[in-house]
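Before we discuss this protein further, I would ask you to keep the structure open beside this note and to go through the points in order.

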Amino acid sequence: MKIGILTSGGDCPALNAVIRGFAKYVYQNVKDAEIYGIADGYGGLIAGEYKKMRPEDFSGILNVGGTILGTSRQPFKKMTVEENNSTKIEKMKKNYKKMGLDCLVCLGGAGTHKSAGLLCAEGLNVIGLPKTIDNDIFGTDVTFGFYSAVDVATECIDRVHTTAASHGRTMLVEIMGNKVGWLTLYAGLAGGADIILLPEIPFDTDVVCKKVRERAEAGKAFSIIAIAEGAVQTSEAGLKKKERAALRAQTGDVTATNRLARDINARAGVETRVVVPGHLQRGGNPSALDRALSTEVGAYAGYLCKEGLFGTTVAIRGEKITHNKIADIAGKTKWVPLDHPMIEAGRRIGVSFGDEN
Ligand code: F6P
């Protein structure tokens, strides 16, 4: 069986752990298995850049961050746009055939799964694996990379905590997640943030300032705010992405974080600082939990290959490992539900989500 494997979209810790789990399963259980590593995600399949892997290429990578295959972002919107008489999807289909593949394994996030859906519709045998620190892939409780990012983001908040306390400042830590707030919610709770602002719950600046003031009046001179990259103020909530970007550009802002920091400074009279850990949350080695999860999902993808269960993507539901049809999950987003137990837990201990009256 000839299998192509690629990692697509933003990287995350544990991609290599998944690749390793997959390869180990396949070499041991699939007859005449040959694995071809495709360079830089869909980009490599479009350009026909790949190499035959050897079993030893997959050794010693369990705990190594990044991806041995390389990755790139290939926007879904451009997949069906014609360039030089052919679309990217057509080029990928052509190279899949040229390589003589029986199956293509795609490790990626929401965008990767959308494009995988197009490849399935073209008749390619595709198996997906849910990767992203954002944890927003529909139909799976968790995605690999998420737990490692939670650990990093939590450590950032921990470190900010001590300096905030020393100076009596309000510190805003901007956590990755331009669409959903899973990472901010988990790291915010784990790091003991006083205020957690998620894209799913538009925040009222007055509510945030009030909370900061109340803490100061109660003798707690510092406050920690975990704010998602995609958090929105109530006044911006109805705007389209482009309109919001244009509005923010007027004050030189990209996200809501710096503006909120200025507002707290002016309205609550508290000194503020902003910390943006950014790609630190995607870099470095996977956590122990992620390594174990990745080994499990990688091996399961190998099993899907062996059984010929194509057009599917691996999913975790509760304690069980299973799979969804790519067609059923592509293009859908797993938002943080407003009644999520972690939100309720936060509210019970007095964490503000910026929406109270
Ligand atoms: O999807 C993962 C993610 O890290 C988002 O949280 C973030 O907004 C985005 O990727 C950043 O993308 P890039 O690495 O292309 O700047």
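The points below deal with three helix pairs, the surroundings of one helix, and two loop residues.

1. Please bear in mind throughout that this is a predicted model, and that local features are discussed only where pLDDT is at least 70.

2. I begin with helix 5 (residues 146-167) and helix 6 (residues 182-190), whose axes lie 8 Å apart and make an angle of about 50°. An angle under 35 degrees would count as roughly parallel and one of 65 to 115 as roughly perpendicular, and the two helices are therefore oblique to each other. The crossing of helix 5 with helix 6 is right-handed.

3. As to which residues form this contact, helix 5 contributes F146, A149, V150, A153, T154 and I157, and these meet W182, L183, Y186, A187, G188 and A190 of helix 6. Sorted by class, the residues of the contact between helix 5 and helix 6 comprise 10 nonpolar and 2 polar, with no charged residue.

4. Helix 6 deserves a second look for what is hidden in it, since W182, L183, T184, L185, A187 and G188 are its buried residues. The cover over these buried residues includes helix 5, strand 6 (170-175), strand 7 (195-197), strand 8 and helix 12 (341-348). Just after helix 6, the backbone at G192 adopts a positive phi of about 70°.

5. A second pair is formed by helix 1 (residues 15-29) and helix 10 (residues 288-307), whose axes come within 7 Å and cross at roughly 40°. That angle makes helix 1 oblique to helix 10, and the crossing of helix 1 and helix 10 is right-handed.

6. From helix 1, the residues A17, V18, R20, G21, F22, Y25, V26 and N29 take part in the contact, and on the side of helix 10 they meet R291, S294, T295, V297, G298, A299, A301, G302, Y303, C305 and K306. The contact of helix 1 with helix 10 holds 10 nonpolar, 6 polar and 3 charged residues.

7. The third pair consists of helix 7 (205-217) and helix 9 (residues 257-268), where the axes of helix 7 and helix 9 come within 10 Å and cross at roughly 55°. Helix 7 is accordingly oblique to helix 9, and helix 7 passes helix 9 in a right-handed crossing. The contact joins T205, D206, V208, C209, V212 and R213 of helix 7 to L260, D263, I264, R267 and A268 of helix 9, and by class the residues of this contact divide into 6 nonpolar, 1 polar and 4 charged.

8. Is K220 buried, partly exposed or exposed? This residue sits in the loop between helix 7 and strand 8 (223-228), and its relative accessible area is 43%. Because buried means under 20% and exposed means over 50%, K220 counts as partly exposed. Measuring from C-alpha to C-alpha in the model, K220 and L185 are 22 Å apart in space and 35 residues apart in sequence.

9. Finally, I would draw attention to S72, which belongs to the loop between strand 3 (50-52) and helix 3 (88-99). The side chain of S72 reaches the backbone oxygen of D40 at 2.7 Å. When neighbours within four places in sequence are left aside, the residues in contact with S72 are T7, S8, G9, D40, G41 and G43.

Note on methods
Residues numbered from 1 in each chain as written. Predicted model: local features only at pLDDT ≥ 70, side-chain atom pairs only at ≥ 80, totals over all residues. Heavy atoms only, no water. Helix = DSSP H or I, 4+ residues; strand = E, 2+ residues; numbered from the N terminus. Polar contact = N/O pair within 3.5 Å; in protein donor to acceptor, adjacent residues only side chain to side chain. Contact = heavy atoms within 4.5 Å. Axes fitted to C-alpha atoms, helices over the stretch in contact; angles between N-to-C directions. Parallel < 35°, antiparallel > 145°, perpendicular 65-115°, else oblique. Left-handed = near helix turned anticlockwise from the far one by under 90°. Nonpolar A, V, L, I, M, F, W, Y, C, P; charged D, E, K, R; others polar. Buried < 20%, exposed > 50% of the residue type's maximum accessible area, 1.4 Å probe, protein only.
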